[in-house]
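Here are my notes for you, since you are coming to this one fresh. Have a look at the model first, then read on.

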Amino acid sequence: MIALLQIAQLLLNIVWWIIVIQAILSWLVAFNIINTHSDLVRTVWTALGRMTEPLYRPIRRVMPDFGALDLSPMIVLLIVYILGEIVIPNIAASYIGVA
């Protein structure tokens, strides 16, 4: 069980970094530092979008539209943080019997 929780923690860390990289890339594209005419940038942009869109979609359905401001990545990062720092350690502690 502890191994499964460690795998879940690793996956949450990967999701965290994917969202952070996507946010940085979106800023670079928005400020025209890099553009999506490059095949590499377009491929990375598309891949990151396909990985994160299933996470953002349910949140975007619930949250009101703020126009150009998209708060769904921040909400997902908050959920990932709560799962990784509170939920998983508490499950592990109760499984070990420390809590």
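The points below go through the helices, how they cross, and a few single residues.

1. A word of caution to start with: this is a predicted model. Please read every value below in that light.

2. Let's begin with the pair α1 and α3. Helix α3 covers residues 72-96, and its axis comes within 10 Å of the axis of α1, with a crossing angle of roughly 165°. Anything over 145 degrees counts as roughly antiparallel, and α1 and α3 are therefore roughly antiparallel to each other. The crossing of α1 past α3 is left-handed. As for what sits in that contact, the residues divide by class into 18 nonpolar, 2 polar and 1 charged.

3. Now for α1 and α2. The axes of α1 and α2 also come within 10 Å, and here the angle is roughly 125°. That makes the two helices oblique to each other, because 125° falls outside the ranges for roughly parallel, antiparallel or perpendicular. The handedness is again easy to note: α1 passes α2 in a left-handed crossing. If you wonder why I quote both an angle and a distance, two packed helices are described by the angle between their axes and the distance between the axes.

4. How far apart are the end C-alpha atoms of α2? They are 34 Å apart. With 24 residues at 1.5 Å a residue, α2 should span 34 Å, so the model agrees with the expected value. Still, α2 has a bend of about 45° at Glu53, and a proline, Pro54, follows within four residues. The residues of α2 that come out buried are Val41, Leu48, Thr52, Tyr56 and Ile59. An α-helix has 3.6 residues a turn, so residues three or four places apart point the same way. Keep that in mind when you look along the helix.

5. Helix α3 can be checked in the same manner. Its 25 residues should span 36 Å at 1.5 Å a residue, and the end C-alpha atoms are 35 Å apart, which agrees. There is a kink here too, of about 35° and centred on Leu83. Buried in α3 are Ser72, Pro73, Val76, Leu77, Val80, Gly84, Ile88 and Ala92.

6. One of those buried residues, Ala92, is worth finding again from the other end of the chain. Met1 and Ala92 are 91 residues apart in sequence, yet their C-alpha atoms are 8.1 Å apart in space. Met1 itself lies in the segment before α1. Is Met1 buried or exposed? Neither, quite: its relative accessible area is 47%, so Met1 counts as partly exposed.

7. Take a look at the loop between α1 (2-30) and α2 (39-62), where you will find Asn32. Asn32 has a positive phi of about 60°, although it is not a glycine. With a relative accessibility of 59%, Asn32 counts as exposed, because the cut-off for exposed is over 50%.

8. Two residues of α2 deserve a line each. Asp39 is in helix α2 and is exposed, with a relative accessible area of 53%. Asp39 and Arg60 are 21 residues apart in sequence, and their C-alpha atoms are 29 Å apart. Val41, also in α2, counts as buried at 14% relative accessibility. The C-alpha atoms of Val41 and Val29 are separated by 9.2 Å, with their positions 12 residues apart along the chain.

9. Last, a tryptophan. Trp16 is found in helix α1, and at 30% relative accessibility Trp16 counts as partly exposed. From Trp16 to Gly67 is 51 residues along the chain, and the C-alpha atoms of the two are separated by 24 Å.

How values were computed: Residues numbered from 1 in each chain as written. Predicted model: local features only at pLDDT ≥ 70, side-chain atom pairs only at ≥ 80, totals over all residues. Heavy atoms only, no water. Buried < 20%, exposed > 50% of the residue type's maximum accessible area, 1.4 Å probe, protein only. Axes fitted to C-alpha atoms, helices over the stretch in contact; angles between N-to-C directions. Parallel < 35°, antiparallel > 145°, perpendicular 65-115°, else oblique. Left-handed = near helix turned anticlockwise from the far one by under 90°. Nonpolar A, V, L, I, M, F, W, Y, C, P; charged D, E, K, R; others polar. Expected span 1.5 Å × (residues − 1). Bend = angle between axes of the 7 residues up to and from the residue.
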